[in-house]
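This report describes a structure, beginning with a single residue and then moving to the sheet, the chain and the interface.

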Amino acid sequence: MLGEISDAIIRVRDITVQFGKTRILDGLNLDVKRGEILGFVGPSGAGKSVLTRTIIGLVPKVAGSIEVFGVDLDKASATERRGVERRWGVLFQQGALFSSLTVRQNIQFPVREYLNLSQRLLDEVMVAKLGMVGLKPEVADRFPSELSGGMVKRVALARALALDPELVFLDEPTSGLDPIGAGDFDELVRTLQRTLGLTVFMVTHDLDSLYTACDRIAVLGNGKIIAAGSIAEMKASKHPWLNQYFNGKRARAVVV
Amino acid sequence: MSGDPTLERIAQGNGLALCAAGSWTARFAPMLEKMVADAEKLRGSRPNIFIDVSQVSKLDTFGAWLIERLRRSLTEGGIEAKIAGLSANYASLVDEVRRVKAEPVVETRSVSITGMLEQIGRSVAGVGGTLVELIEMLGAVLAAAGHVLIRPRGFRLTSTVHHLEQVCWRAVPIVVLITFLIGCIISQQGIFHFRKFGADIFVVDMLGVLVLREIGVLLVAIMVAGRSGSAYTAELGSMKMREEIDALRTMGFDPIEVLILPRMLALVLALPILAFLGAMAALYGGGLVAYLYGGVDPEAFLLRLRDAISIDHFIVGIIKAPVMAAVIGIVACVEGLAVQGSAESLGQHTTSSVVKGIFFVIVMDGVFAIFFASIGM
């Protein structure tokens, strides 16, 4: 089902994740190609976020191996790991902005930690990043609690992009956004992928996103990847859940 | 391909080409910024300046912005500096940064003497507001209690018992330990100094009066403010942050009745119990030290204690306990509900809950001292 991809940016092999006695991921394999936008779908509670969190190292796994940028994260030294972490950005489902820092400080935080830049350059690039995610520079001095839900997602994306990563993880980036906002967000992800040469790993439930933004789709079920491929292949699949998901009532509403 | 970035100047007729090469990325940003600052000085030196980026091997937002910054500062008096040799890969990135507004918003943070004075003024003026808030909360809690009395089904027994376990049962070990040690210390100090006058036995009077009237309840109240007041503030504060309190309200529940009344009740019941246990532990500790260090044997200690103290001393102490509990609870709940969206605000209000709680407990103790003195108890 899953062909070996030679230039995989993420290579997940046989990972098993267990919480107590419940097995969430069971010998899961997944490759993400460099430069693609991979949409990751599955029923609620199937473990999509768990897989994302496992790859970025927030959830311990029982077995298996994860390679990102060709580095095996289990065998990597602390320095190597930091090197990998510097090259990826993560957008959490709730944004996870630092609530006691302003938007400006949130975006500059990772940059300040890793690079030694002048305040002027930091400020200018911060404004550029805000512009990229479609926000005005005026929001820079607001606190996260003073932002709307959509703005929080955008700022969180700007923070994830602060270090110009090669790979970004987006956990349900369009959830909680209005359809127009969500459409803009998809467009934004596309544009950023083109301009910055990003690889995007996107957990989503939004069919529109799958149609408009994603190059390839992987489907999680029973702790494994049950299908991976283009949207056309998904629609043609005989798997009952896939069939219902991509050819169901809501799917038909999406004009391709 | 990717190596250290460079910016060469090549004269071309009456024009000047600035040839950028290497990797223009964040890693080299300090170096790049210096090169760009140098090149900016060329402004107006030639009628025709353009930036050639065809040799750039790697470009990210930082590099793209620095090229854009250079372009902007070279642009002057109708002559626009151009960017040449842009590869298709990077064209959209450069376009993107070109749309950035020129003037980044400057952080506005004034740290001046007037600002500090203003802060002081505001906090002094805020004291009155704090008192009003506390009285409002007291009123709201009493109203909720009245409501529950009329309609007992609205009373949350499970919640009250749960909080009673948290603030009373689980606090017993630490309260007993600390008051025991304080009792030991008072006794030891008393014996040490009274011995000079040969008045060792009077340590029992001091210990009894001090522990039952003042130290027992005051010390326990301070511990409870630190232990349970802070927990209440943090719980309510994080519920406020995650809109759980708003959710309760929209479902038609009164947060005061659901969240605060059980907590207050638990605290008001817990503090007298803890104060009593604390007083016993302190007397025991004091007695133990009097026996081991001062040679006052237990029988003599008890006899003396019976003479030295009356039930009045005990009542004076124990009457204060529920009032102090109410003060601690109200301060903690007001602070908890005042938490704003940020983690920092949660920390500030938890701190101020403990600080204000302890402050008001001591103030109350003073008020009680005056009251009992005037009624002759």
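Asp164(A) counts as buried because 24 C-beta neighbours lie inside 10 Å; a residue is buried if 20 or more other C-beta atoms lie within 10 Å of its own, exposed if 12 or fewer, and partly exposed in between, with C-beta atoms placed from the backbone. The model is predicted, so local features need pLDDT of at least 70 and side-chain atom pairs count only at pLDDT 80 or more, while totals for chains, interfaces and linings use all residues. Residues are numbered from 1 along each chain as its sequence is written, and chains are lettered from A and ligands numbered from 1 in the order in which they are written.

**Positive phi**

Most residues other than glycine have a negative phi. Asp164(A) has a positive phi of about 50°, and Glu243(B) has a positive phi near 60°. Neither residue has its place in a helix or strand (DSSP runs numbered from the N terminus: helices are H or I with at least four residues, strands are E with at least two). Glu243(B) counts as exposed, because 12 C-beta neighbours lie inside 10 Å.

| Residue | Phi | Loop between | C-beta neighbours inside 10 Å |
|---|---|---|---|
| Asp164(A) | about 50° | α5 (149–160) and β7 (167–171) of chain A | 24, buried |
| Glu243(B) | near 60° | α7 (203–241) and α8 (244–250) of chain B | 12, exposed |

**Chain A and its sheet**

Chain A has 10 helices and 10 strands. Of its 256 residues, 44% are buried. Among the contacts in chain A with a separation of 6 or more, 67% join residues 24 or more positions apart; a contact requires C-beta atoms, placed from the backbone, within 7 Å.

Four strands of chain A form an open sheet in the order β2-β1-β4-β5, with antiparallel pairing; strands pair if DSSP finds at least two bridges between them. β2 (22–33) and β5 (71–72) of chain A stand at the edges, and each has a single partner strand, so one side of each lacks a neighbour in the sheet. Strand β1 (residues 8–19) of chain A pairs with β2(A) over eight bridges, in the antiparallel sense. Within β2(A), Leu28(A) stands opposite Ile15(A).

**Interface**

Contacts link 24 residues of chain B to 28 residues of chain A. On the chain B side, α1 (29–40), α2 (61–74), α3 (88–98) and α12 (343–374) each supply at least two residues. The most come from α3(B), with four residues. By class, this side of chain B has 11 nonpolar, six polar and seven charged residues; Ala, Val, Leu, Ile, Met, Phe, Trp, Tyr, Cys and Pro count as nonpolar, Asp, Glu, Lys and Arg as charged, and the others, Gly among them, as polar.

Definitions and conventions: Contact = placed C-beta atoms within 7 Å.
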